[in-house]
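Visitor: I am new to this structure and would like a close look at one part of it. Please start with a single pair of side chains and go on from there in one connected account.

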Amino acid sequence: MLILMHKDATRRQIEAVCSHVKQSGLSPHEIPGSIRMAIGITGNQGALSPEQFAHLDGVAECVPVSKPYKLVSREVKPESTVVDIRGVKVGDGSLSVIAGPCSVESRDQVFRTAEAVVNSGVQLFRGGAFKPRTSPYSFQGLKQEGLRLLEEVRRQFDLRIVTEVKDAATLDEVAEVADVVQIGARNMQNFTLLENAGRLRMPVLLKRGMSATLKELFMAAEYLLSLGNFQVILCERGIRTFETMTRNTFDLSAVVLIKRHTHLPVIADPSHGVGIDWAVPPMARAAVVAGADGVMVEVHPEPAKALSDGQQSLTFDTYAKLATELNELAAWRTAHR
Ligand code: PEP
Ligand code: MN
């Protein structure tokens, strides 16, 4: 159920509605809009009746929400969410680019990469310190040492850091360095991690699980929002299909559907989506045209020597060329909105 308040409803009326909701054993979620406040209600097992709330002062309308995902849906919040990453906006119509290596490997590697991508105008830097790997014998990340290096990069280049959290036990230390906490594909339904990240009050990048439907992605995001964290960015990173020539099948239609069904910004990750360096630039460009709020790409000083995902990492030169093309496409998109 969604309660739409009158556009001139007072703070006191809004609070009275919220406490009425709580007294009924349910959870109210304030969703400010540019015109009026909406209050989403969750926690009910069956359908709610509008009469329960329609008589309260300041209430304009009570609207049942048909979708199983409530707080992430456009039904509940028609206006797009803009996530603010220490002053850098994602979802405001501009194009956000997140670039950096798959893993933090050394001081030299992250500093060289940061310098290269900053020269192409990047404000959001990615790099994993805790790496969830398919094989226990593969490089697992520099962990705490990796976080320290990311902290240095953050200070030195005034970059916003996007880095992955692997489990609930390390969430606090990752959140201290991260400007955006990334929840990876393998963790999309790690409900303990989602609950803990939902209690954070900072941006979370939630990647689609490799065999997750969009509905499952939305339900995973719902965990975060239902615990009060509305600063959520969704990420399409490819799904498993019968195709074997690409690492995954990059589901560009997901970008369009996410924008339609939710108010959350969406980032496309063609690096994991296709897993082949030369296929990344065209799919990154396609994602911008499809309406993604941003793209995330892996960049490495020497992809052939990367400790993870070298086959899909761009060189500095390829990245610089792509960055120029993406800026042109972003300008085209703005002009054609
Ligand atoms: C990554 O971003 O390096 C990563 C591990 O991605 P995913 O969770 O999508 O596999
Ligand atoms: Mn990677």
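**From an aromatic pair to the metal site**

Guide: Tyr69 and Phe218 are both buried. The model is a predicted one, and every distance and angle below is computed from it. Three aromatic pairs are found in the structure, that is, 3 in total. In one of them, the rings of Tyr69 and Phe218 meet edge-to-face, with 5.0 Å from centre to centre and 70° between the planes. An angle over 60 degrees is what counts as edge-to-face. The two partners come from distant parts of the chain, 149 residues apart. Tyr69 belongs to the loop between strand E4 (59–63) and strand E5 (83–85), while Phe218 belongs to helix H7 (residues 214–226).

Helix H7 leads on to another buried residue. Asn229 is in the loop between H7 and strand E12 (232–236). Its relative accessibility is 1%, so Asn229 counts as buried. The side chain of Asn229 has a polar atom 3.2 Å from the backbone oxygen of Ala197. A polar atom of that side chain also lies 3.0 Å from the backbone oxygen of Met202. Further along, Ile258 sits in helix H8 (residues 252–261), and its relative accessibility of 0% makes Ile258 buried. Between the C-alpha atoms of Ile258 and Cys235 there are 9.5 Å, with their positions 23 residues apart along the chain.

Now to the ligands. Around ligand 1 are Cys102, Arg126, Lys131, Glu164, Gln182, Gly184, Ala185, Arg186, Lys207, Arg237, His272 and Glu298. Lys131 places a polar side-chain atom 2.9 Å from an oxygen atom of ligand 1. For Lys207, an N or O atom of the side chain is 2.9 Å from an oxygen atom of the ligand. For Arg237, a polar side-chain atom is 2.6 Å from an oxygen atom of ligand 1. On its own, ligand 1 has 290 Å² of accessible area, and the protein covers 97% of that.

Among the residues around ligand 1 are Cys102, His272 and Glu298, and these names come up again at the metal. The manganese ion (ligand 2) is coordinated by Cys102 (SG), His272 (NE2), Glu298 (OE) and Asp309 (OD), at 2.0 to 2.4 Å. Along the chain, the donors follow the spacing C-x169-H-x25-E-x10-D. His272 is in helix H9 (residues 270–274) and Glu298 is in strand E14 (residues 294–298), so the pair ties together parts 26 residues apart in sequence. His272 is buried at 8% relative accessibility. Glu298 is buried too, with a relative accessible area of 0%.

The donor Asp309 is found in the loop between E14 and helix H11 (316–335). Its relative accessible area is 13%, and the limit for buried is under 20%, so Asp309 is buried. Asp309 is not a glycine, yet it has a positive phi of about 55°. Lys143 also has a positive phi of about 55° without being a glycine. Lys143 lies in the loop between strand E8 (124–126) and helix H4 (144–157). With a relative accessible area of 32%, Lys143 is partly exposed.

One last ring remains. The ring of Phe111 has the charged end of Arg107 sitting over it, 4.4 Å from the ring centre.

Note on methods:
Residues are numbered from 1 along each chain as its sequence is written. Chains are lettered from A and ligands numbered from 1 in the order in which they are written. This is a predicted model: local features need pLDDT of at least 70, side-chain atom pairs count only at pLDDT 80 or more; totals for chains, interfaces and linings use all residues. Side-chain values use heavy atoms; hydrogens and water are left out. Rings of Phe, Tyr and Trp (its six-membered ring) pair if their centres lie within 6.5 Å; planes under 30 degrees apart count as stacked, over 60 as edge-to-face and the rest as tilted. Helices (H or I, at least four residues) and strands (E, at least two) are DSSP runs, numbered from the N terminus. Buried means under 20% relative accessible area, exposed over 50%, partly exposed in between (1.4 Å probe, protein chains only). A charge sits over a ring if NZ of Lys or CZ of Arg is within 6 Å of the ring centre and within 35 degrees of the ring normal. A residue is near a molecule or strand if one of its heavy atoms lies within 4 Å of it. A polar contact is a pair of N or O atoms within 3.5 Å; within protein, one must be able to donate a hydrogen and the other to accept it, and residues adjacent in sequence count only if both atoms are side-chain atoms. Accessible areas come from the Shrake-Rupley method with a 1.4 Å probe; for residues, only the protein chains shown count as cover. Donors are N, O and S atoms within 2.8 Å of the metal (3.2 Å for Na, K and Ca); water is not among the atoms, so sites may look incomplete.
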